[in-house]
Amino acid sequence: RSRAYFQQAIMESAPLGLPFHINTTAATVASDFIEAVGCNSSSSTLECLRSAPLKTILSAQATAESEDFSDYELFRDYEAYNPTVTGPGDIEPGALPFQPFLALGNSSLYPPSEAKPLLAGSNLNDALLFLYLLFPLPVGPFATSNFLNKVYGDTDGVFVESYYPWSFPDGRVSMSKATTDMLFFCALRNMTRSGPYAGSYRGATPSVGAPPAYLYRFSHVPSYTTDDTYAPECKSHVCHGAELRFVFGDFTGITPTAQEAALSETMRGYWINFIKQGNPNGAGLPSWPAYDAQKDETQVFQEDGSAAPASEKESDLCDEVWDQIGYLRRHMTK
């Protein structure tokens, strides 16, 4: 219904592998929230909630989320208060008929003739900060295996573990690499290769009239990650949101290097051109080709401040791991 109101779309570090709640599971979170506020025995739940102090509301939100965390529904409940999706047996429809990842990757639901040009990408270590928030203390080998098996199932958990190099005594950085691939990089790549933006690969027929998709990977470690004001977990890494200063050219309170200033100028040029014309390319900018599944190249904003199309080594993990076991995992409903 909103398609008539925009011409192109930009998605920066969208965790496409995170599922939205269906009505049934959302109702469980709502019940936990009401109980945490202390309104479950009230004669008027709504009035009770409205009169609760803000501090109580915020605390109850976290409590309700943690109830499912204990059951390893981490991905579904990391964003517990998203719009709901219509699930099996739901009497009332959800706000959305399908999980966004599934809809965007399905040409019959999102036909090429109705799709818009897309600029989308992810950061090299998108999931790192979130793993540190979930696990404040170092994670050893047993806890790492337990996490993988609980989230992905015993068979797929062992399968995932066999593909990634794990470093201990703290497995959070290694765990974040797998999670970044599943939620961000590989999920976007899969969506682009199987939806209305798809080109020909593995014998597939290219989508007729498909709009262009311009994919990027932000791999530049900001020089200011050593600053005391930067999240300590993200030092020497490219965390979620690291690209924003470059896109908006906002280095308030920070002195970027000459390479970073130049990279920011390049990225702003791309984004402005795309907003204006649905194509990031323009005079004075390095060429950014539309994604082609045969070449499988992503525009990489690199450590040295340059920008160029390149094949990412994680693409092999997308093919061999995540495209095989699937996305949304245990929570796929529709």
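This is a short walk through the aromatic pairs, the helix packing and a few single residues of one protein model.

Hi everyone, and thanks for coming. Before anything else, please keep in mind that this is a predicted model.

Let me start with the overall picture. The protein has 12 helices and five strands. It contains 334 residues, and 46% of them are buried. What share of the contacts between residues at least 6 apart in sequence joins residues at least 24 apart? That share is 70%.

Now to the rings. The structure holds 19 aromatic pairs. One of them is formed by Phe-246 and Phe-251, in an edge-to-face arrangement with 5.3 Å centre to centre and 90° between the planes. Are these two rings buried or exposed? Phe-246 is buried, and its relative accessible area is 0%. Phe-251 counts as buried too, at 13% relative accessibility.

Another edge-to-face pair joins Trp-288 and Phe-301, where the centres are 5.9 Å apart and the planes are at 85°. This pair links distant parts of the chain: Trp-288 sits in the loop between helix 11 (258–277) and strand 4 (298–301), while Phe-301 belongs to strand 4, 13 residues apart. Trp-288 has a relative accessibility of 1%, so it counts as buried, the cut-off being under 20%. For Phe-301 the relative accessible area is 0%, which is buried as well.

If you have the model open, do click on Trp-288. Leaving out residues up to four places away in sequence, Trp-288 touches Leu-119, Tyr-214, Leu-215, Tyr-216, Tyr-270, Trp-271, Pro-280, Asn-281, Gln-299 and Phe-301. There is also a C-alpha distance to mention: Trp-288 and Val-300 are 12 residues apart in sequence and 9.6 Å apart in space.

Which residues do ring pairs link into a cluster? They are Tyr-214, Tyr-216, Phe-218, Tyr-224, Phe-246, Phe-251, Tyr-270, Trp-271, Phe-274, Trp-288 and Phe-301. You will recognise both of the pairs I just described: Phe-246 with Phe-251, and Trp-288 with Phe-301.

Staying with rings for a moment, let's turn to charges. Lys-116 lies over the face of Phe-6, 5.5 Å from the ring centre. Arg-217 does likewise over the face of Phe-185, at 4.3 Å from the ring centre.

Next, helix packing. Helix 7 covers residues 141–152 and helix 8 covers residues 154–163; they pack at an angle of about 130°, and their axes are 7 Å apart. Why call them oblique? An angle of about 130° is not over 145, the cut-off for roughly antiparallel, and it lies outside the 65 to 115 range for roughly perpendicular, so helix 7 and helix 8 are oblique to each other. The crossing of helix 7 past helix 8 is right-handed. On the helix 7 side, the contact is made by Ser-145, Leu-148, Asn-149 and Tyr-152. Helix 8 contributes Asp-154, Asp-156, Gly-157, Val-158, Val-160 and Glu-161.

Helix 8 has another partner, helix 12 (residues 314–325), and here the angle is about 170° with the axes 11 Å apart. That makes helix 8 roughly antiparallel to helix 12. In this contact, Asp-156, Phe-159, Val-160 and Tyr-163 of helix 8 meet Leu-317, Glu-320, Val-321, Trp-322 and Ile-325 of helix 12. Asp-156 and Val-160 appear in the contact with helix 7 and also in the one with helix 12.

Now some backbone details for those of you who like torsions. Which way does the phi of Ser-13 go, positive or negative? Ser-13 is not a glycine, yet its phi is positive, at about 50°. Ser-13 lies in the loop between strand 1 (9–12) and helix 1 (23–37), and at 4% relative accessibility it counts as buried. Asp-296 also has a positive phi, about 55°, although it is not a glycine. Asp-296 is found in the loop between helix 11 and strand 4, and Trp-288 is in that loop as well. Asp-296 is buried, with a relative accessible area of 13%.

One last residue, and then I'm done. Lys-177 is in helix 9 (residues 172–194). Lys-177 has a relative accessible area of 42%, so it is partly exposed. Lys-177 and Trp-166 are 11 residues apart in sequence, and their C-alpha atoms are 9.7 Å apart in space.

That's the tour, and thanks for listening!

Methods
Residues numbered from 1 in each chain as written. Predicted model: local features only at pLDDT ≥ 70, side-chain atom pairs only at ≥ 80, totals over all residues. Heavy atoms only, no water. Phe/Tyr/Trp six-rings, centres within 6.5 Å; stacked < 30°, edge-to-face > 60°. Buried < 20%, exposed > 50% of the residue type's maximum accessible area, 1.4 Å probe, protein only. Helix = DSSP H or I, 4+ residues; strand = E, 2+ residues; numbered from the N terminus. Lys NZ or Arg CZ within 6 Å of the ring centre and 35° of its normal. Axes fitted to C-alpha atoms, helices over the stretch in contact; angles between N-to-C directions. Parallel < 35°, antiparallel > 145°, perpendicular 65-115°, else oblique. Left-handed = near helix turned anticlockwise from the far one by under 90°. Contact = heavy atoms within 4.5 Å.
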